Amino acid sequence: MSIATVDITPLTEAGDPPPVLLTVEEAARCLRIGRTTCYALIRTGELESLTIGGLRRVPADAPAAYLARRRAEQRAA
């Protein structure tokens with residue numbers, strides 16, 4: 001199964017390497033959902049995240065993995 005891709009290019013400045021971690025707001029923008037909905041997905045464990053110090057971060061590949069799981073679930077239904 002291939003992983004869906006989520007374009008994170010608009011989140012980077014010209015010449016910067018692509019981010020490894022996203023803020024919750026950036027992940028929400030990638031998924032085209034609201035920040036509150038993104039936090040709800042994190043709280044339920046549907047969207048992977050981690051805490052660094054007091055900061056919540058989402059791995060850059062997590063939104064694509066979430067979409068791939070959702071698409072597979074919808075195809076199976």
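**Note on the predicted model: sheet, helix α1 and side-chain pairs**

1. In this predicted model, Val-58 of β3 is the bridge partner of Leu-22. The pairing to which these strands belong is antiparallel, with β1 and strand β3 (residues 55–59) joined over three bridges.

2. Taken as a whole, the sheet is open and has three strands in the order β1-β3-β2, with antiparallel pairing. Its edge strands are β1 (21–23) and β2 (50–52), each of which pairs on one side only, and from one strand to the next the twist averages 50°.

3. As to the overall layout, the chain has three helices and three strands, and read from the N terminus on, its elements run β-α-α-β-β-α. Among the contacts in the chain with a separation of 6 or more, 48% are accounted for by residues 24 or more positions apart.

4. On exposure, 29% of the 77 residues of the chain count as buried. The accessible surface of the chain comes to about 5300 Å², and 53% of that surface belongs to carbon and sulfur atoms.

5. Helix α1 deserves a separate point. This helix lies across β1 and β3, and runs at about 90° to β1. α1 is mostly covered, in that six of its eight residues are buried, namely Val-24, Glu-26, Ala-27, Ala-28, Cys-30 and Leu-31. The cover over these buried residues includes β1, α2, β3 and α3, and just after the helix, Arg-32 takes a positive phi of about 60°.

6. The structure holds two salt bridges. In one of them, Glu-25 is paired with Arg-35, with the closest N and O atoms 4.0 Å apart. This pair links distant parts of the chain, since Glu-25 sits in helix α1 (residues 24–31) and Arg-35 in helix α2 (residues 35–44), 10 residues apart. Because its relative accessibility is 37%, Glu-25 counts as partly exposed, and Arg-35, at 46% relative accessibility, likewise counts as partly exposed. A reader checking these two assignments may wish to recall that partly exposed covers the range between the cut-offs of 20% and 50%.

7. The other salt bridge joins Glu-73 to Arg-70, the closest N and O atoms being 3.9 Å apart. Why are Glu-73 and Arg-70 separated by about one helical turn? The two residues are three residues apart in helix α3 (residues 62–76), and therefore about one helical turn lies between them. In general, an α-helix has 3.6 residues a turn, so residues three or four places apart point the same way. Arg-70 has a relative accessibility of 32% and so counts as partly exposed.

8. Thr-44 can be described from its place, its exposure and its contacts. The residue is in helix α2, and because its relative accessibility is 55%, Thr-44 counts as exposed. What does the side chain of Thr-44 reach at 3.1 Å? The side chain of Thr-44 reaches the backbone oxygen of Leu-41 at that distance, and a polar contact, also of 3.1 Å, joins the side chains of Thr-44 and Glu-46.

How values were computed
Residues numbered from 1 in each chain as written. Predicted model: local features only at pLDDT ≥ 70, side-chain atom pairs only at ≥ 80, totals over all residues. Heavy atoms only, no water. Salt bridge = Lys/Arg side-chain N within 4 Å of Asp/Glu carboxyl O. Helix = DSSP H or I, 4+ residues; strand = E, 2+ residues; numbered from the N terminus. Buried < 20%, exposed > 50% of the residue type's maximum accessible area, 1.4 Å probe, protein only. Polar contact = N/O pair within 3.5 Å; in protein donor to acceptor, adjacent residues only side chain to side chain. Contact = heavy atoms within 4.5 Å. Areas by Shrake-Rupley, 256 points an atom, 1.4 Å probe, with all protein chains shown as cover. Pairing = 2+ DSSP bridges. Axes fitted to C-alpha atoms, helices over the stretch in contact; angles between N-to-C directions.
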